[in-house]
Amino acid sequence: MASKKTVLVLGATGGIGGEVARQLRDAGWTVRALHRDAARVAARAEGLSWVQGDAMRSDDVRRAAEGASILVHAVNPPGYRNWGELVLPMLESSLAAARAAGARVVLPGTVYNYGPDAFPVLHEDSPQHPRTRKGSIRVEMERRLRAAAASGVRSLIVRAGDFFGPRAGNNWFSQGLIKPGRPVETISDPGRPGVGHQWSYLPDVAKTMVELLEREEGLEDFATFHMAGHWDEDGTRMVNTIRRVVAGATGGAEPKVRAFPWWALGLAAPFVPLFREMKEMRYLWQEPIRMDNRRLVAALGSEPHTPLEEAVRRTLSGLGCIER
């Protein structure tokens, strides 16, 4: 029988998976985390119950999910290799495990699902006509979750803007704007002047998921919510906040800002999968896109929200760019 306060997290060493796991732990949940080298990661002593197994093996996921009421699917293939070929089979493993355990599947959503016909404001029922292969796969993931919900496997999707946070490594903030582990002397801005962009502070995203799961019994079988996060209305707010925080922390001059070298990304894209994906997502920086969070506010009363300057300071400190 599933325990209402037991959760299995796939991808607990990643940004969103790790943040959700730690916040669920702090909220009193028993948190299991699947990993291919459980003994090694257990040395982190984060209060998680590490289980040996591979998220790409259906039997491993099913065994790890026994007795859990929630399965957080925040995992990707190692190194994002063969992402397009492996991500759907991995989701099927999670759905099968959730069905056997009677658990709800939680998926972090993305804006990749949408094309220009849904812009500039995204609602939970906006049409999903993506421009990219990755976006098409994300649409298929959600289609399978919806289909599974109709046959008894409940799910929850929380969609947010571009992640940033103290432990978030695979995102535009830490791979585009600044360089982790180094003083911030220059900021690379991928946006266009006057074009708004939506950001989401990862601890706020995780807190939103936790608060929704505390109300899990009242959610629809296929529940989706959008977060408003931090809206950068003219594309300069995030960059200018980084500049102020760095100058305040170091006592020096504000970092310089330069345009992100999209041309270089294009040259390297055929050889580096990550760069190819970043290049494909350029359209998300070329026109304003934001999300309507009214459904989330109706469910929770308010959206978890850390002030931008504080969120940026914690992020830069966690990434080793400024002193703690």
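This report walks through the helix packing, strand pairing and a few loop prolines of one predicted model.

**The three-stranded sheet**

Start with an open sheet of 3 strands. Their order is β8-β10-β12, and the pairing is mixed. Strands β8 (162-164) and β12 (230-232) are the edges, and each of them pairs on one side only. On average, neighbouring strands here are turned by 35 degrees against each other, direction ignored.

How do the strands pair? In general, strands of a sheet pair through backbone hydrogen bonds, either parallel or antiparallel. This sheet shows both senses, as its pairing is mixed. Strand β10 (residues 197-201) runs parallel to β8, and 3 bridges join the two. One residue of β10, Trp199, is the bridge partner of Asp162. On the other pairing, β10 and β12 run antiparallel, again with 3 bridges. There, Trp199 stands opposite His230 of β12.

Two helices pack on this sheet. Helix α7 touches β8, β10 and β12, and its direction makes about 70 degrees with that of β10. Helix α12 (residues 308-318) also touches β8, β10 and β12; its direction makes about 65 degrees with that of β8.

Is β10 buried or exposed? Of its 5 residues, 5 are buried, so β10 is largely enclosed by the rest of the structure. Both of its faces are covered. His197, Trp199 and Tyr201 are buried on one side. Gln198 and Ser200 are buried on the other.

**Strand β7 and its partners**

Strand β7 (residues 155-159) is mostly covered too, with 5 of its 5 residues buried. One face carries Ser155, Ile157 and Arg159. The other carries Leu156 and Val158. Both faces are covered, and these residues are all buried.

β7 pairs with strand β5 (residues 104-109), running parallel over 5 bridges. In that pairing, Val158 of β7 is the bridge partner of Pro108. β7 also pairs with strand β11 (residues 222-226), in the parallel sense and over 5 bridges. Here the bridge partner of Val158 is Phe225 in β11. Val158 thus links to Pro108 in one pairing and to Phe225 in the other.

The strand pairings described so far are set out below.

| Strands | Sense | Bridges |
|---|---|---|
| β8 and β10 | parallel | 3 bridges |
| β10 and β12 | antiparallel | 3 bridges |
| β5 and β7 | parallel | 5 bridges |
| β7 and β11 | parallel | 5 bridges |

**Two helix pairs**

Two packed helices are described by the angle between their axes and the distance between the axes.

Take α1 and α7. Helix α1 (residues 15-26) packs against helix α7 (residues 202-213) at an angle of about 50 degrees, and the axes are 9 Å apart. That angle makes α1 oblique to α7. The crossing of the two is right-handed. From α1, the contact is made by Gly15, Ile16, Glu19, Val20, Gln23 and Leu24. From α7 come Leu202, Pro203, Val205, Ala206, Lys207, Met209, Val210 and Leu213. Sorted by class, this contact has 10 nonpolar, 2 polar and 2 charged residues.

Next come α8 and α12. Helix α8 (residues 237-250) packs with α12 at an angle of about 65 degrees, with axes 9 Å apart. This crossing is right-handed. Which residues meet in α8 and α12? In α8 they are Arg237, Met238, Thr241, Ile242, Arg244, Val245 and Val246. In α12 they are Leu308, Glu309, Val312, Arg313 and Leu316. By class, the α8 contact with α12 has 7 nonpolar, 1 polar and 4 charged residues.

**Two prolines in loops**

Pro307 lies in the loop between α11 (294-300) and α12. Its relative accessible area is 48%, and Pro307 is therefore partly exposed; the range for that class runs from 20% to 50%. Pro307 is 276 residues from Val31 in sequence. In space, the two are 28 Å apart, C-alpha to C-alpha.

Pro120 sits in another setting: the loop between β5 and β6 (121-122). Most peptide bonds are trans. The bond from Phe119 to Pro120, however, is cis, with omega near 10 degrees.

How values were computed:
Residues are numbered from 1 along each chain as its sequence is written. This is a predicted model: local features need pLDDT of at least 70, side-chain atom pairs count only at pLDDT 80 or more; totals for chains, interfaces and linings use all residues. Side-chain values use heavy atoms; hydrogens and water are left out. Axes are lines fitted to C-alpha atoms, for helices over the stretch in contact, and angles run from 0 to 180 degrees between N-to-C directions. Helices (H or I, at least four residues) and strands (E, at least two) are DSSP runs, numbered from the N terminus. Angles under 35 degrees count as roughly parallel, over 145 as roughly antiparallel, 65 to 115 as roughly perpendicular and the rest as oblique. A crossing is left-handed if the near helix is turned anticlockwise from the far one by less than a right angle, and right-handed if clockwise. Contact means heavy atoms within 4.5 Å. Ala, Val, Leu, Ile, Met, Phe, Trp, Tyr, Cys and Pro count as nonpolar, Asp, Glu, Lys and Arg as charged, and the others, Gly among them, as polar. Two strands pair if DSSP finds at least two bridges between them. Buried means under 20% relative accessible area, exposed over 50%, partly exposed in between (1.4 Å probe, protein chains only).
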